[in-house]
Structures are given as structure tokens and as C-alpha cells.
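Visitor: I am new to this structure and would like a close look at a single part of it. Could you take me through one of the sheets and then show me how the surroundings are arranged?

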Amino acid sequence: PALAQGTGDWPSRPIRIIVPYPPGGPNDIIARLYAQPLMAQLKQTIVIENRGGAGGGIGVDATAKAAPDGYTFVITSSGPLVINPHTSTLPYKVPDDLTPISIVTLVPEALVAPPSLGVKTLPELIALAKRQPGRINIGTAGAAGISQFAAELLRIQTGIDITVVPYRGAAPAVTDLLGGSIQLLFADLPPIMPHIRSGAMQPLVLASRQRSPALPDLAITAEYGYPELLADNWYSLLGPARLPAPILAKMSAAAKIASEAPEVRDGLAAQGAQASWTTPEAFRARILQESEVWRRVAQTANIRVE
């Protein structure tokens, strides 16, 4: 009877989606955008629970330790899944302790510079950096986060001598770029889009697999000959390990329909992000592939959070 209630009758009570970051941030906004169409599909209440701390690790660990009955899920950024395992010791193992369901949002990382730097493309930047080794500083939106790893990957892939400067969040890094203290910045599109639109920042390249509808004229790294210089930040839906197959299938289908909802697509597009959906199998494969890329970057750049 318990098994039948957990699968055929699922969901029969409210579902909890954990957000492993504080309220009001991008992870929280994305989860709440998805909650409404998911509720419409599953015909059950969804409660958002913010459990911040440890770079997202506390909320992800709470999901990993939850009963696999279909009433606890997490929507999280990529960091706790493919970066944090290589920079700190975690109480959970990815993907073994979780059930990957789908990537729900793509947030491309863009490389930007002030117009005063005098470069407009990635090749122009590489040429400048090689003429001025060690003189260009690149800011990132946090230590051991996706933007720092993107900056280190840029340095490794192109062979340029630049100094990576981690900040405590995107806001101070943006301020210092606009003020001239740093010459480059790798960041999620949403916090820098207003400055790109105003002309205060010059976008050089998108470290993504595809061009962004928000900046359709901005080239991606592969177009300049760097197909492995990829640093999409993404947000995804997962459950605990051993989630019953019928529940996984139903939640996957609901996530697909939610990703196509106009309010989700329009809400994300307004921030420079894109709604997305992947099969559980494709999502698991991407976790493994990206985890290996960031493991090598962490090892090469000696990135560790104590």
C-alpha cells in the first residue's frame, strides 16, 4: 500500500522544493517562476523552502537525505553539483545521492570589458593580453564559483597571462569594472545586461553552446575556435536517489510543460536567461561531463575552499 501511494496516487499531498540559497536571489526567483506551472500540472500545492548555506550544499544535502517518496525536490544552480565537489569536502556524492530530473534554466556566462579597454571580441582581447602579459585583471562573482572557474578556463584555454580576482558577489565586481579597478569580468548575463544595454560594458564573447536570444549578435566561444571554453551556469531540478520511476517520469513531463509556459519563458528572458528542459539521462550525462571539466580546472588552478 505504501508503494502504491508513493507512485500511482502521487502526489497526494503538498510537495516541497528546496532552494539552497536565501530568498530573493536568482535561484529563488527561478524556483518560484516554475512553481506555479508545476502546481498546475501536478494538481498539488508546491511549497518553496529556502535552506541556504555552504555554497548551496546544505539544501542539496537535505534533498539527498530526504525520503525518495516524491515529496522533496531541489532546484539548484550548477555549483553544488559540478564545482563544489572539487573545492571542498561534501556530505553528499553527485550524482549517486540524487536523482537528476532536468536542467530547467540556462544562464550564459559573458565576458565583458569597459569600452576604454579598446577591444570588442575575444581574439582582440587575446592579442592585447599577449602584448601586455600580467597587466590585465579579470574579476569574478565569487571565489570557487562558476565565474571564477570560467575565468580560469579562459586563462588555461587561451594561454594568456591575466590575474583572476574573485569578489564577494557580482555587484562589487560590476562596480569595480565600471570604476576601472579591473579590466575584465566574467559574470551571469542578468546582472550585467543593463550595463551592456547602456553601453557601459562591451561584451566580448559568450561562453555558451549557443547564442543567447538576449544578445543575438554576440558570438560564442566556439565561433572563435575555443569549443571547450564553456561555462553556462544552469539551474536544475533533482530529487533524492532511488526516486521511483513513475514519479520521475511524471515530474520530468511536468517540468517539460512548465519550461514551455509563457510566464516562465518571458520571466527568464527578461533577465537574460533561458528556459530549458532535458531528459533525466541527458542531465545525468551533463553532470558527469562538466564535473570532469571543473575537476581539471580546480586541480590546475589549485582552487580549494577550506
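How many bridges join strand 6 to strand 7, and do the two run parallel or antiparallel?

Guide: Happy to show you around; please keep in mind that this is a predicted model. Strand 6 (residues 137-140) and strand 7 are joined by 4 bridges, and the two run parallel. To see one of these pairings up close, find Ile138: its bridge partner in strand 7 is Val164. In general, strands of a sheet pair through backbone hydrogen bonds, in either a parallel or an antiparallel way.

Now step back to the sheet that holds this pair. It is an open sheet of 5 strands with mixed pairing, and the order is 7-6-8-5-9. Strand 7 (163-166) and strand 9 (202-206) are the edge strands, each pairing on one side only. Ignoring direction, neighbouring strands here are turned against each other by 30 degrees on average. Helix 7 (residues 170-179) packs on this sheet, where it touches strand 5 (109-113), strand 6 and strand 8 (184-188). The direction of helix 7 makes about 145 degrees with that of strand 8.

From here we can move to another open sheet, with 6 strands in the order 2-1-3-10-4-11 and, again, mixed pairing. Strand 2 (46-50) and strand 11 (274-275) stand at its edges with a single partner strand each, so one side of each has no neighbour in the sheet.

Strand 3 is a good place to pause. Its pairing with strand 1 (residues 15-19) is parallel and has 3 bridges, with Ile17 standing opposite Phe73 of strand 3. With strand 10, strand 3 pairs in the antiparallel sense over 4 bridges, and there Val74 faces Leu238 of strand 10. Buried here means under 20% relative accessible area. By that cut-off, 6 of the 6 residues of strand 3 are buried, so the strand is largely enclosed by the rest of the structure. Look at both faces: Thr72, Val74 and Thr76 are buried on one side, and Phe73, Ile75 and Ser77 are buried on the other.

Next along is the pairing of strand 10 (residues 233-240) with strand 4 (residues 98-107), which is antiparallel and has 8 bridges. In it, Thr99 stands opposite Gly239 of strand 10. Helix 9 (residues 245-259) lies across strand 3, strand 4, strand 10 and strand 11, and runs at about 5 degrees to strand 4. In the loop between strand 10 and helix 9 you will find Arg242. Arg242 has a positive phi of about 65 degrees although it is not a glycine, and it is exposed, with a relative accessible area of 67%.

Let us finish with a pair of helices. Helix 2 (residues 26-42) packs with helix 10 (residues 262-269) at an angle of about 165 degrees, their axes 9 Å apart. That angle makes helix 2 roughly antiparallel to helix 10. Helix 2 contributes Ile30, Leu33, Tyr34 and Pro37 to the contact, while helix 10 contributes Glu263, Val264, Gly267 and Leu268. These residues divide into 6 nonpolar, 1 polar and 1 charged. Past helix 2, in the loop that leads to strand 2, sits Lys43. Lys43 has a positive phi, near 55 degrees, in a residue other than glycine, and it is exposed, with a relative accessible area of 69%.

Note on methods
Residues are numbered from 1 along each chain as its sequence is written. This is a predicted model: local features need pLDDT of at least 70, side-chain atom pairs count only at pLDDT 80 or more; totals for chains, interfaces and linings use all residues. Side-chain values use heavy atoms; hydrogens and water are left out. Two strands pair if DSSP finds at least two bridges between them. Contact means heavy atoms within 4.5 Å. Axes are lines fitted to C-alpha atoms, for helices over the stretch in contact, and angles run from 0 to 180 degrees between N-to-C directions. Angles under 35 degrees count as roughly parallel, over 145 as roughly antiparallel, 65 to 115 as roughly perpendicular and the rest as oblique. Ala, Val, Leu, Ile, Met, Phe, Trp, Tyr, Cys and Pro count as nonpolar, Asp, Glu, Lys and Arg as charged, and the others, Gly among them, as polar. Buried means under 20% relative accessible area, exposed over 50%, partly exposed in between (1.4 Å probe, protein chains only).
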